[in-house]
Amino acid sequence: MTTTAAMDFDHVELLIGSVESAADANAKAVRNTVLSPRFYTTDFAAMDRLNIDSVRAEWDVMMKEYEGDNNHDHFQRDAQFAEEVKTLMPQLSPEMRQEFLDFLISSLTSEFSGCILYNEVRKNVTNPDIKQLMTYMARDESRHAGFINQSLKDFDLGIDLGQLKRTKSYTFFRPKFIFYATYLSEKIGYARYITIYRQLESHPDKRFHPIFRWFERWCNDEFRHGESFALIMRSQPELLRGINLLWIRFFIVAVYATMYVRDHTRPLLHQAMGFKSTEYDYEVFRITSEIARQVFPVEVDIDHPTFRACMTRLVDLSIANAKAKERGGVMGLWGQATSALGAAWTFGRLYLLPVKRNNLPKDIRVQPAW
Ligand SMILES: [Fe+2]
Ligand SMILES: [Fe+2]
């Protein structure tokens, strides 16, 4: 291990904690932090009133794709899977193992978060378009969550999903905030999985777990989920103008910043794939921003030097905050307060950076061509 990676890992341990038992894994999935995936609930009556008629033609094509269900047999492990787990997993260093477990647990939590939200909407609406869509998306997310959970079970660290559903707290978001946030997280999910898939496709020696072989077809589900929210938002044009542009900007910055800080707690994981966390994240931002032109009239400038400097600063502040927390006492509290203030200030600077404007295309849908 290089010195830098070792130094990095001191920070990583502070930030992600370690998972030694199934109880630790379950506790990690339940815990809500600024960086961890959350569970959401919303105004179901407002969801029920959505009218998507203005995008009907594109909607119907999309629903046919869901119905065709081309991934119905994809989330099954082959014989080679077990073999690869048996030979590859013992080769992971303890530090790398912790980062990989953190990756699996947070991915599972966010897949399952989608599953719960879509299922709740499905149960609480009668609007046939929305009910049908939510049924398909919940189906996909439940497969995704179950598939990741099998890999956690290989480590005897399976998550009790029923228990997680009952014990994790829920955040209420108005439907429009659900649309902005979920659209972004579905498209980011696509961009993350396809970027990893392409990297390991060209460097198979760096594929340290068989689950990555599943990412290509998997991420097409996420892409389509994102398309669904794009169509919903385009069918409600008031969500994409006026004051809402400020909300869109807020969600883009918040989602990007959270992802960036979170990913920088896993330097070894990215290193093992032949990436640096920073270059991986900017590739994911680039793809996501490109796709989001289908729906968002504003785009953050990810190449602006201040944008990049502020992202780096947020990582430093989150390390400082974790160190202060560990130190404890008055100085620890002081350290936490100053790093929280610093993070708020930095976030404000990111938010106020000039944005680029997009004219929305007439044809809404985009193909997953990355
Ligand atoms: Fe998913
Ligand atoms: Fe999804």
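Visitor: How far apart are the end C-alpha atoms of helix α7?
Guide: This is a predicted model, where local features need pLDDT of at least 70, side-chain atom pairs count only at pLDDT 80 or more, and totals for chains, interfaces and linings use all residues. Residues are numbered from 1 along each chain as its sequence is written. Helices are DSSP runs of H or I, at least four residues, numbered from the N terminus. Helix α7 has 27 residues (128-154), so at 1.5 Å times one less than that number it should span 39 Å, and this agrees with the end C-alpha atoms being 40 Å apart.

Visitor: Is Ser235 buried, exposed or partly exposed?
Guide: Ser235 lies in helix α10. A residue is buried with 20 or more other C-beta atoms within 10 Å of its own, exposed with 12 or fewer, and partly exposed in between; C-beta atoms are placed from the backbone. Ser235 has 19 such neighbours, so it counts as partly exposed.

Visitor: Which residues does Ser235 contact, leaving aside neighbours within four places in sequence?
Guide: Contact means that the C-beta atoms, placed from the backbone, lie within 7 Å. By that rule, the partners of Ser235 are Ile52, Ser54 and Val55.

Visitor: How are α11 and α14 oriented to each other?
Guide: Helix α11 (244-263) and helix α14 (305-327) pack at about 55°, with axes 9 Å apart. Angles under 35 degrees count as roughly parallel, over 145 as roughly antiparallel, 65 to 115 as roughly perpendicular and the rest as oblique. Therefore α11 and α14 are oblique.

Definitions and conventions. Chains are lettered from A and ligands numbered from 1 in the order in which they are written. Helices (H or I, at least four residues) and strands (E, at least two) are DSSP runs, numbered from the N terminus. Axes are lines fitted to C-alpha atoms, for helices over the stretch in contact, and angles run from 0 to 180 degrees between N-to-C directions. Two residues are in contact if their C-beta atoms, placed from the backbone, lie within 7 Å.
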